Amino acid sequence: MKSIAIMGASGHCKVVADIALLNGYDEIVFIDKNPQIDMLAEYPVADEDTDLDYYIDHHYDFVVGIGEAAIRRKVQEMLEERGADIVSLIHPAATIAYDVKIGEGTVIMAGAVINPNTVIGKGCIINTCASVDHDNVIGDFAHISVGAHTAGTVTMGDNSWLGIGAVVSNDINVCNDVFIGAGAVVVKDITEPGKYVGVPAIKTL
């Protein structure tokens, strides 16, 4: 039997569970801190405080199903420290070039396209129908949202978030801890953390 524990119990976790199912997992369990949730869809929700060690000790595969980068990083690093077996999940309908490097704990959704000579860090989300073009570097715990696109030779920093439908033009560097809002268009380097929105994208916070 192939078993996986997904950290979290949200709508995003349902999508992660579907990818796990398509990757041949027979047993799926969610693990969350909210004791009031005991089922999500048709899958059980275990209590993180009382049950986590059981799933680590029984060598379940683990992935973090949490959208917010800071929390996703915290949970994945906790799992790493405790010796959990962290895996990446790739939807069979994603298109990924042969030489793409993908870090542990990353989840790649249906319809995503990742082109050659690209590096995807650990704990990333490449969401539904997003595209990452050639020679990109996507930092750890970044999120390329639904229908967002990066052109060639783009660097997205650690903990960055490219919002739904947003676009980063070619040869652009985005630093760590940047949130780019829905539909924004980035046409020049972003060198300061913060929130950027609009066409072209400008800093608001």
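Leaving aside its neighbours within four places in sequence, which residues is H143 in contact with? In this predicted model, the list runs to G67, R72, I125, N127, S160, W161 and L162. That's a handy place to start, since H143 leads to several other spots worth a look.

First, H143 itself. You'll find H143 in strand β16, which covers residues 143–144. H143 has a relative accessible area of 6%, and the cut-off for buried is under 20%, so H143 counts as buried. UniProt has something to say here too: an unreviewed entry puts the annotation "binding site" on H143 and I164. Those two are spread over 22 residues of sequence, yet they cluster in space, with a largest C-alpha distance of 10.0 Å.

Now hop over to I164. This residue sits in the loop between β19 (161–162) and β20 (167–168). Not counting residues up to four places away in sequence, I164 touches S145, V146, A182 and G183.

Back to G67, one of the contacts of H143. G67 lies in the loop that runs between β5 (61–64) and α3 (69–81). If you trace what G67 touches, again skipping residues up to four places away in sequence, you get H12, R72, I125, H143 and W161. Of these, R72, I125 and W161 also turn up among the contacts of H143. Is G67 buried or partly exposed? Its relative accessibility is 23%, so G67 counts as partly exposed.

G67 also carries a UniProt label. The unreviewed entry lists S10, G11, H12 and G67 under "binding site". These residues are spread over 58 residues of sequence but cluster in space, the largest C-alpha distance being 9.7 Å. From this set, S10 is part of the lining of the largest pocket.

Let's look at two more members of that group. G11 is in helix α1, which spans residues 11–22, and H12 is found in helix α1 as well. What does accessibility say about them? G11 comes out at 45% relative accessibility and counts as partly exposed. H12, on the other hand, has a relative accessible area of 18%, and because the buried class is under 20%, H12 is buried. H12 touches G65, I66, G67, M109 and I125, once residues up to four places away in sequence are set aside. So if you click on I125, you have a residue that is touched by H12, by G67 and by H143.

What about the largest pocket, then? Its volume is about 270 Å³. Of the 17 residues that line this pocket, K33, E48, I66, I71 and V75 are the closest to its centre. I66 should ring a bell, as one of the residues touched by H12. Which elements supply at least two residues each to the lining? They are β2 (27–32), α2 (48–57) and α3. Helix α3 gives the most, with four residues. As for chemistry, the lining is made up of eight nonpolar, three polar and six charged residues.

Zooming out, the protein is divided into domain 1 (3–87) and domain 2 (90–203). The C-alpha centres of the two domains lie 24 Å apart. How many residues of each domain are in contact with the other? There are 18 from domain 1 and 19 from domain 2. The contact between G67 and H143 is worth viewing with those domain bounds in mind.

Finally, a few backbone oddities. Most residues other than glycine have a negative phi, and most peptide bonds are trans. Against that background, check the peptide bond from V199 to P200, which is cis, with omega near -5 degrees. P200 is in the loop between β24 (194–197) and β25 (202–203). Then there's T153, a residue other than glycine with a positive phi, near 60 degrees. T153 is in the loop between β17 (149–150) and β18 (155–156), and with a relative accessible area of 36% it is partly exposed. N159 has a positive phi too, of about 65 degrees, although it is not a glycine. You'll find N159 in the loop between β18 and β19.

Notes: Residues numbered from 1 in each chain as written. Predicted model: local features only at pLDDT ≥ 70, side-chain atom pairs only at ≥ 80, totals over all residues. Heavy atoms only, no water. UniProt positions renumbered as here; feature names shortened; annotations may be inferred. 1 Å grid on protein atoms, 1.4 Å probe; cavity = no way out; pocket = protein on both sides within 12 Å on 5 of 7 lines; lining within 4 Å. Buried < 20%, exposed > 50% of the residue type's maximum accessible area, 1.4 Å probe, protein only. Contact = heavy atoms within 4.5 Å. Points joined across faces, edges and corners; volume = space filled by probe spheres on them. Nonpolar A, V, L, I, M, F, W, Y, C, P; charged D, E, K, R; others polar. Domains from an automatic or database assignment.
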